[in-house]
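The following explanation leads the reader through selected features of a protein chain, from its interior to its aromatic rings.

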Amino acid sequence: MTSKLKNRMLSRFAVAAIATLAIVGLTACGGGGGAAGTTGAAGSGKTPVTPITPVTPVVPVTPVTPTVAPVPKLTITLFSGTTSTSSVSASGVTSAKATVVDDNNNPVRGKLVTFSGDPALIKFNPASGSVLTDAVTGIATVQILPAGLSSGGAGTLSASATVVPAAGGTGILTAGTLDFQLSPGSLTLTSLDVQSSTPLAAYGTRSVSVTANIDGVAATNTPIQVTFASNCGVVAPATVTTDGTGKASSTYTANSTTIPGCAGANVTITAGAVSATTLSGAIAVQPTLATNLQFVSAAPQLIYLVDSVGATQSQVTFKVVDSSNNTQAGQPVNLSLANSAPGVSFDTVGNTGTVTQTSNYAGLVSVPVFSGSIPTSLQVNAVLVSNPSVKAKSNTLLVASGVPVQSAASIAAEKLSIEGLFTDGVTDKITFSLADRQGNPVPVGTSVNFVSSSGVMVPATCVVPAALDGTSTSACTTTIRSQGTRPANGRVAILAYTPGEEDFVDANGNNVYDLGESFTDLGNAYRDDNFDDVFNAGEFVVPRTKSPGSTGLTTCPVVGNFKGSPDTCDGVWGVVDVRGHIMVVFASGQATFSALGTARPNGVRFTVADVNGNSMPTGTKIEVTGRAAIVGGTCTAIVTPTPTIIPNQVGPYTAKVTVDPACAAGDFVDITVTSPAGLATSTTLTLT
């Protein structure tokens, strides 16, 4: 009871006592004037006074303080090491301790306590935030970590546990809170270790590491991603996460897919992390020794004589490697020509002496080789300057004349007969194939001209194209198309020609013509329109001047199909038009037949031709059937092969028919011939 309350109650008690005494005094005075047994009014003539009932004094009540039952309690304290704090460290060295006592203030041991807080600010170790109180003091301890390096601000830490009273009964949820402050951490990298004091063997490997610190303390509890890099070679893995000691480790290899090896270089290794200053260190990589030379290529391997339309230069390449087959840069190599012919040079036009080249970053040395005026084969030698026992030789490089000769030329048609006598726009492919006197292909770009006695050549000139691998196909193809005035006999002459040289017999094997050696004297090429192997007035002639040194023109010898117009041969070996001549039939789709035999069973034969007696169009089909002359009779026939397709030819086709022995004289063989355009012609033979 407070002193104010006591004073107030004493005052009230005093007032009540004074009032009681006054009333008692007034009562005693009024009773003294009357006689005994009578009222005051009767005895004195005054109005009687009514007696006042005395007031019972109020006795003050002492208030009762309520009794509060003791309950379990949970108290949170933050520690940085052993020092109490209200801040959470960015380095992750802060611990939270929750002290749990029961209603008798005794430690509660082995009790599950769960911590919680703003996940944007903090996290726990263990991550669940749930731990047991220890077995002595009833304290549960958890480590508090910042959610991230950039996390910062104030927050509230909470912890709760369910505690059973000391006397038993239902568990009571007990909780506690504590406000804290979190400041963003400062990340630094230290102790980059690349073992820089020890040189690294070429193409060798070694470990590299760095330590991450947060606020000057090793980041043992906060994983940090560190990125390693090098200016030569490979660090793998490039990105690693720090371990429990705050260290990030990786492996460096002194090799690279983009820079072939780092031998002899000082390699810089860097380590960096977000918001941290990058560190760098150096590794000295030892040089390697070149131990081998490899021939790589000669591109192209075939070149042509100087002034040819083909390639006259080849690039010959070697590679310098070490014992691990890794390329070696900066290695001097001596290059020289082997078994070369006059006129061939390399490095620079006209040079035939040894040259020295230094291998590039890819270990390569290259030298150009130039052709001369004489066909030959050659090789290039390569010798390592630092070790002359290391050497290599290129593949054989051919220098070909590339000039076509008549003996190596031929002309061909895809179809020797096409259905173009009465139909415009029917086409056929014509190919002219060429080679020089050694059988080498003529250069890409060699031009060939075509002329025909009917129709049109599309195009009239073609050039020798390259194959998919870039080499020459040594042939070119054009197309003849049916149109215009047709020859009366349907036979079309096609002439192909291109500049070349006359064939000769190389008696001394020096690959060039020498005076006195025999040769084929060809006159001017002409188109034999009527195919009589004789030049006739009006037939197309390819004009060409006589060869240098010629004293006049002579009669041309007949050399197979190598047609030369009369008196255009000059008796001197030299330039000539290499030519090809071929017949293509413009045939009708309508067939004509001639019976060559009708005897049973194997003597039935007939010929099929177009209206001019030429071959039907290539691909025409022949079909036959047998037919009995009397009703109910039996007769079958087949043509061999069945069905027969007319092959690639210019003359009539002879077909043979086999009939069944049951066929009798007077029975029939029905014949149907169908052209590629679908025109059918039929006839019937009577068996004898």
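The paragraphs below take up the nonpolar cores, one sheet and the aromatic residues in turn.

The model is predicted. Its largest nonpolar core comprises 27 residues, and I224, V226, F228 and Y252 have the most contacts inside it. Strands β11 (187-193), β12 (205-214), β14 (225-230), β17 (247-253) and β18 (266-272) each supply at least two residues of this core, and β12 gives the most, with four. Beyond its neighbours within four places in sequence, F228 is in contact with residues including L192, V208, V210, A248 and T270. Another core, of 25 residues, lies apart from this one; A290, V316, F346 and L384 are among its members.

An open sheet of five strands follows the order β31-β38-β37-β33-β35, and its pairing is mixed. Its edges are formed by β31 (417-418) and β35 (461-463), each of which pairs on one side only. Strand β33 (residues 447-452) runs antiparallel to β35, joined to it by three bridges; V448 stands opposite C462 in β35.

Eight aromatic pairs occur in the structure. In one of them, Y513 and F519 meet edge-to-face, with 5.9 Å centre to centre and 85° between the planes. The rings of Y513 and W573 are stacked, because their centres are 4.9 Å apart and their planes lie at 15°. Both residues lie in the loop between β37 (491-501) and β38 (575-586), so this pair ties together parts that are 60 residues apart in sequence. W573 is partly exposed, at 23% relative accessibility.

F504, Y513, F519 and W573 form one aromatic cluster. Over the ring of F504 sits the charged end of R437, 4.2 Å from the ring centre.

Notes: Residues are numbered from 1 along each chain as its sequence is written. This is a predicted model: local features need pLDDT of at least 70, side-chain atom pairs count only at pLDDT 80 or more; totals for chains, interfaces and linings use all residues. Side-chain values use heavy atoms; hydrogens and water are left out. A nonpolar core is a set of buried Ala, Val, Leu, Ile, Met, Phe, Trp, Tyr and Cys residues joined through side-chain atoms within 4.5 Å. Buried means under 20% relative accessible area, exposed over 50%, partly exposed in between (1.4 Å probe, protein chains only). Contact means heavy atoms within 4.5 Å. Two strands pair if DSSP finds at least two bridges between them. Rings of Phe, Tyr and Trp (its six-membered ring) pair if their centres lie within 6.5 Å; planes under 30 degrees apart count as stacked, over 60 as edge-to-face and the rest as tilted. A charge sits over a ring if NZ of Lys or CZ of Arg is within 6 Å of the ring centre and within 35 degrees of the ring normal.
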